[in-house]
Amino acid sequence: MPEILTVFSILGVFLLGAMSPGPSFVVVSRIAISDMRANGLAAALGMGVGGFIFALVAVADLTALLTQVAWLDILLRFTGGAYLLWIGIRIWRGAGDPIKVTADDTPHSGSFRRTFLRALLVQLANPKTAIFYASMFAAMLPASPPRWMVLALPPMLFCTEFGWYAVVALAFSSHGPRSLYLRAKH
């Protein structure tokens, strides 16, 4: 397969992966619903940077290190899993609580930077995302990819992750979807 088709195939698979429901979607949509639109976009940016970091790790072949150093891989999985479990419990316990919605011009849950970091941590702690990136790069990259491909994929995957979550943030921070969600939340 020509190299450019390989790149587009990788981008398509990663877009579908980003679109699959998970903790990242929950975090971005909840921030977009409850806070101002800029913080929803900060969360989308955090997801994009997380994807960029995973792509860098995958193309740098550091995933091979994790397969060689089993304790590091296990530590990362357990730490990430524990963090996601903590987030899940908080969401579950708060399911019945009303979401405090702010006006479009006043932040509710924190600054742009704080929201960005929260989303980035969710993305980096998600073992599903780490495994997805590692396995897809292993399966889809040629054995010896050209240098341009190795350099181009991380920023392109940043754009894919950020683009999808920006759509989610913009949609859920809009009046119609926000109102619908708030009525059906419980």
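**Helix α1, two nonpolar cores and a buried serine**

The cover over the buried residues of α1 includes α7 (127-140) and α8. In this predicted model, the buried set of α1 is made up of Thr6, Val7, Ile10, Leu11, Phe14 and Ala18. Looking down the helix axis, these buried residues keep within an arc of 135°, so they line one face of α1. That fits the general pattern: an α-helix has 3.6 residues a turn, so residues three or four places apart point the same way. On the face turned away from the buried side sit Phe8 and Leu16, both exposed. As for length, α1 (residues 3-19) has 17 residues, which at 1.5 Å a residue should span 24 Å; the C-alpha atoms at its ends are 24 Å apart, in agreement.

Next, the nonpolar cores. The largest one has 17 residues, and Val28, Met47, Tyr165 and Val168 make the most contacts inside it. Two or more residues each come from α2 (23-34), α3 (37-59), α6 (112-125) and α8, with α8 giving the largest share, six residues. Valine 28 touches Gly40, Ala43, Ala44, Met47, Tyr165, Val168 and Ala169, leaving out residues up to four places away in sequence. Another core, of 14 residues, lies apart from this one; Leu11, Ala55, Phe137 and Met149 are among its members.

Just past α8 comes serine 173, in the loop between α8 (147-172) and α9 (175-184). Serine 173 is buried, its relative accessible area being 5%. Its side chain reaches the backbone oxygen of alanine 169 at 2.8 Å. Beyond neighbours within four places in sequence, serine 173 is in contact with Ala32, Arg37 and Arg178.

Notes:
Residues numbered from 1 in each chain as written. Predicted model: local features only at pLDDT ≥ 70, side-chain atom pairs only at ≥ 80, totals over all residues. Heavy atoms only, no water. Helix = DSSP H or I, 4+ residues; strand = E, 2+ residues; numbered from the N terminus. Buried < 20%, exposed > 50% of the residue type's maximum accessible area, 1.4 Å probe, protein only. Polar contact = N/O pair within 3.5 Å; in protein donor to acceptor, adjacent residues only side chain to side chain. Contact = heavy atoms within 4.5 Å. Expected span 1.5 Å × (residues − 1). Arc of directions from axis to C-beta. Core = buried A, V, L, I, M, F, W, Y, C linked by side-chain atoms within 4.5 Å.
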